[in-house]
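Let's take a quick tour of one protein model, starting with a single residue and then stepping back to the sheet around it. Have the structure open as you read.

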Amino acid sequence: MVNKLQRRQKIKTRIRGKISGSAARPRMTVFRSNKQIYVQFVDDTTGRTLASASSKGMTEGTKCEISEKVGELAAKKAMEAGITTVVFDRNGYLYHGRVKSVADGARKAGLKF
């Protein structure tokens with residue numbers, strides 16, 4: 001019997017086999033916990049995080065609204081680091097709810113997927 005975490009890990013491994021980030025087009029990865037949501041821009045060739053953003057300290061609105069703000073903040077930080085296009089890594093989560101809100105917020109702020 002496969003539990004929820006093992007299922008997500010299997011999906012995550014399958015996704016990571018197909019996508020990879022580079023310096024020109026880094027991987028935008030999303031991690032969501034029960035209370036917070038985190039975004040990182042990773043260059044897989046060197047294994048470095050180029051920029052990151054999280055929902056820590058944000059309390060105004062619902063989780064989805066906060067997630068959209070995090071997407072906008074992440075896009076702003078990425079633009080400051082010289083990143084304009086990214087590869088989106090949903091990290092094994094369904095592209096729905098908070099994960100979709102982060103992507104929409106980043107697109108609205110001018111990041112290209």
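**A loop residue and its sheet**

Start with Thr84, which sits in the loop linking α2 (63–80) to β4 (87–89). Keep in mind that this is a predicted model.

**Thr84 up close**

- Is Thr84 buried, exposed or something in between? Its relative accessibility is 46%, and because partly exposed covers the range between under 20% (buried) and over 50% (exposed), Thr84 counts as partly exposed.
- If you skip the neighbours within four places in sequence, Thr84 is in contact with Met79, Gly110, Leu111 and Lys112.
- Take Lys112 from that list: Thr84 and Lys112 are 28 residues apart along the sequence, yet their C-alpha atoms are 6.2 Å apart in space.

**The sheet**

- Now for the bigger picture: there's an open sheet of 4 strands, in the order β3-β2-β1-β4, and the pairing is mixed.
- β3 (48–54) and β4 are the edge strands, each with a single partner, so one side of each has no neighbour in the sheet.
- Going from one strand to the next, the twist averages 20 degrees.

**How β4 joins in**

- β4 and strand β1 (residues 27–32) run parallel and are joined by 3 bridges.
- Which residue in β4 is the bridge partner of Arg27? That's Val87.
- In general, strands of a sheet pair through backbone hydrogen bonds, either parallel or antiparallel.

**The helix before the loop**

- α2 lies across β2 (37–43) and β3, and runs at about 145 degrees to β3.

How values were computed:
Residues are numbered from 1 along each chain as its sequence is written. This is a predicted model: local features need pLDDT of at least 70, side-chain atom pairs count only at pLDDT 80 or more; totals for chains, interfaces and linings use all residues. Side-chain values use heavy atoms; hydrogens and water are left out. Helices (H or I, at least four residues) and strands (E, at least two) are DSSP runs, numbered from the N terminus. Buried means under 20% relative accessible area, exposed over 50%, partly exposed in between (1.4 Å probe, protein chains only). Contact means heavy atoms within 4.5 Å. Two strands pair if DSSP finds at least two bridges between them. Axes are lines fitted to C-alpha atoms, for helices over the stretch in contact, and angles run from 0 to 180 degrees between N-to-C directions.
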